[in-house]
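Dear colleague,

I am passing on a structure that I would like you to look through when you have time. My notes on what was found in it follow directly after it.

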Amino acid sequence: MKILITYALEDEKGNIRIPGCTLTFCCTGIGKVSTAINTYEVLIKEKPDLVLNIGTVGTLSHQIGDVVICSRFFDRDLVKISNFGVNCRLDFTEELSSLQLFKGYQTNSVVSTGDTFQTSQEESGTEGDVFDMESYAAAQVCKKVGVPYVSVKYVTDVIGQNSIKHWEDKLQEAKEGLAEFLQKEA
């Protein structure tokens, strides 16, 4: 299987190996616009069977150090105009079921994406298991092109509990934890 692995920062990449797969890597940059552009460019060039996003997230419901596999995506910025027919939710659950990845794991968690780093529970809203700044944009590109997409995220911080400091402190641990998880479980 040919997999395009995306991540926002080089510090999130780690030494990723997935047995039996050909891997291409793409550092998308931070935020939805940068992520959409960079994911699209590499996706069109490489034509992978799957786009696998890795990275760090904040949460309101998980523990620091948890690895969460997400196939559903929510854009918390677009929800404000969803009454006008703008889609703010994407679901790849069906596409992923035929790929035989992450068997035995719950893969239907939701990433809530927005253009701000979440430091307050009130700002975050309640829709989403984990919160980031990139996943929805890449998911939107993949949905448009017809390529399955999944996000594997490492929880670095609990929103509202000194989130930025905890994210910085856990970045190295997250990189190593994601590489280890993917090598064993993908």
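**Strand pairing and the core**

In this predicted model, strand β4 and strand β8, which covers residues 149–158, pair in the antiparallel sense over four bridges. Within that pairing, I69 stands opposite V152 of β8.

Strand β4, which runs over residues 67–75, has further partners besides β8, and I list them here in turn. With strand β6 (residues 109–113) the pairing of β4 is parallel and extends over five bridges, and here D75 is the residue that stands opposite T113 in β6. With strand β5 (residues 89–91) the sense is antiparallel, with three bridges between β4 and β5, and R89 in β5 is the bridge partner of F74. As for its surroundings, β4 is mostly covered, since seven of its nine residues are buried.

The other point concerns the nonpolar interior. The largest nonpolar core holds 45 residues, and the members that touch the most others are L52, F102 and L182. At least two residues of this core come from each of β1 (2–7), β3 (50–59), β4, β6, α4 (135–145), β8 and α5 (163–185).

You may want to begin your inspection at L52: leaving aside residues up to four places away in sequence, L52 touches I3, L4, I5, T6 and I18, and also F102, V150, V152 and L182. V152 therefore appears in two places in these notes, because contact is counted for heavy atoms within 4.5 Å, while its place opposite I69 comes from the strand pairing.

With best regards

How values were computed: Residues numbered from 1 in each chain as written. Predicted model: local features only at pLDDT ≥ 70, side-chain atom pairs only at ≥ 80, totals over all residues. Heavy atoms only, no water. Buried < 20%, exposed > 50% of the residue type's maximum accessible area, 1.4 Å probe, protein only. Pairing = 2+ DSSP bridges. Core = buried A, V, L, I, M, F, W, Y, C linked by side-chain atoms within 4.5 Å.
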